[in-house]
Amino acid sequence: MQLETKAIHIGRRVDPSTGAVSIPLHTSTTFERGADGSFPSGLAYTRDANPTRNAFETAMAALEGGHTAIAFSSGMAAITALFEWHPEKGRIVAPDDMYFGIRSLIEETDIGRRFEFVPVDMRNLDALRAAVTAAPTGLVWIETPSNPLIRVVDVRAACQIAREAGALAVVDNTWATPVLQRPLELGADAVMHSATKYIGGHSDLMAGVVIVPEASPLERPLRMIQHHKGSVAAPFDCWLALRGLQTLPLRMRAHCAGAQKVAEALVAHPRVENVLFPGLPDDPGHALAGQQMAGYGAMLSFIVHGGADAAMAVAAQLKLVTRATSLGGTHSLIEHRASVEGPGSMAPAGLLRLSVGLEHPEDIISDLKNALSVLR
Ligand SMILES: *Cc1c(COP(=O)(O)O)cnc(C)c1O
């Protein structure tokens, strides 16, 4: 089965009791036990398993080419579970421009006190090798394309370096989605998603998921964290995510095509200093993205002349593109990352991050051009 077909069918079937084509939403928290004490449906309590969540997990495992998926209440809950389960070795090597929520998790909760987090620029494979060999390393965290510098990391090479050091390699595949990039095929030990973004696709659900291959040492620990620590994905969010998945391949193609047009228009604009987007031929990540991805994604950052004030002034003028955090939905969203992230941010002051939505690219471009004209 091709990806487009899997996205619609895997984990779902026509409901035998009603003939419903659309998968039912099962909100029941509890399931009847047999008179003999058995569990005839195989279900007992929704924290442990729920039919709608099971369907979402089955679909995600198939799309990433994995064995099992474990769904959590948010991307951060999935990341926390991965960090909480950790081999004896105390080092986690992560990208220096890692998703900012991870930085906050490390700095503001006990997670950061349990392990030694070592940030490196993972485009530099020698730096990565040095970081994983300098001390016993349990986990190598890979995020590509990265946020907000849109850097591309060589997934196959980074996973190989992790394996040689006896560490597990986990890829945050949120920005690429299984449509554009399948890390398990490139040697990753697990894939993580914030389903809040492209998988949901409409900015209306929050969930996270981890996908592991067969015989993964992570499978049982993550399942136990899900069951017993309890940050499970809600049935309704799983139902929305399953709905989103059906159009994911189609949406990603449209997102990518739109982003390419927007990036090209921004590059040509005199008030724009730089555009960070691997779809541009002279972007440092262009060749690598072309090899390991089936498209360049739809996240881009651009840096305007004039620093933070200029960037804020441009964002303030936009009428169609919405000033908001998050990404991956139908609506184009723009964000001034430096002011959101605060001290410690790697975002240049004049950088605006754009999640190119599914509006017509010409409408997005004319909104951006109109806003950029305030800098004249
Ligand atoms: C949003 C995001 C997360 C966190 O996911 P939530 O669903 O917001 O908890 C993690 N990684 C990346 C790359 C993200 O974009």
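In the predicted model, Thr46 is in contact with Ser28, Thr29, Phe31, Arg53 and Pro235, when its neighbours within four places in sequence are left aside. Thr46 belongs to the loop that runs between helix 1 (3-9) and helix 2 (51-64). The relative accessible area of Thr46 is 10%, and this residue is therefore classed as buried, the limit being under 20%. A polar contact of 3.1 Å joins the side chain of Thr46 to the side chain of Asn50.

A second threonine, Thr196, was examined in the same terms. Thr196 is located in the loop between strand 6 (190-194) and strand 7 (208-212). With a relative accessible area of 10%, Thr196 is buried. Apart from neighbours within four places in sequence, the residues in contact with Thr196 are Leu205, Met206 and Ala207. For Ala207, a polar contact is also present: the side chain of Thr196 reaches the backbone nitrogen of Ala207 at 3.3 Å.

Helix 3 spans residues 75-84. Seven of its ten residues are buried, so helix 3 is largely enclosed by the rest of the structure. The buried positions are Gly75, Ala77, Ala78, Ile79, Ala81, Leu82 and Phe83. At the N-terminal end, helix 3 is capped by Ser74, a side-chain oxygen of which lies 3.4 Å from the backbone nitrogen of Met76.

Helix 3 packs against helix 4 (residues 100-108), the two axes coming within 11 Å and crossing at roughly 50°. Helix 3 and helix 4 are therefore oblique to each other, because the angle falls outside the ranges for roughly parallel (under 35 degrees) and roughly perpendicular (65 to 115). The crossing of helix 3 with helix 4 is right-handed. On the side of helix 3, the contact involves Met76, Ile79, Thr80 and Phe83, which meet Gly101, Ile102 and Leu105 of helix 4. By class, five of the contact residues are nonpolar and two are polar, with no charged residue. An α-helix has 3.6 residues a turn, so residues three or four places apart point the same way. Such a spacing can be followed in the contact through Met76, Ile79 and Phe83 of helix 3.

Helix 3 also meets helix 9 (residues 219-229), where the axes come within 10 Å and cross at roughly 120°. This pair is therefore likewise oblique, since an angle of roughly 120° lies beyond the perpendicular range of 65 to 115 and does not reach the antiparallel range of over 145. The crossing of helix 3 with helix 9 is right-handed. Ala81, Leu82 and Glu84 of helix 3 form the contact with Leu222, Ile225 and Lys229 of helix 9. These residues divide into four nonpolar and two charged, and none is polar. Of the helix 3 residues in this contact, Ala81 and Leu82 are among the buried positions.

Arg163 was considered separately. Arg163 is placed in helix 7 (residues 155-164). A relative accessible area of 47% makes Arg163 partly exposed, as the value lies between the limits for buried (under 20%) and exposed (over 50%). In sequence, 200 residues separate Arg163 from Asp363, and the C-alpha atoms of the two residues are 46 Å apart in space.

Key. Residues numbered from 1 in each chain as written. Predicted model: local features only at pLDDT ≥ 70, side-chain atom pairs only at ≥ 80, totals over all residues. Heavy atoms only, no water. Helix = DSSP H or I, 4+ residues; strand = E, 2+ residues; numbered from the N terminus. Buried < 20%, exposed > 50% of the residue type's maximum accessible area, 1.4 Å probe, protein only. Polar contact = N/O pair within 3.5 Å; in protein donor to acceptor, adjacent residues only side chain to side chain. Contact = heavy atoms within 4.5 Å. Axes fitted to C-alpha atoms, helices over the stretch in contact; angles between N-to-C directions. Left-handed = near helix turned anticlockwise from the far one by under 90°. Nonpolar A, V, L, I, M, F, W, Y, C, P; charged D, E, K, R; others polar.
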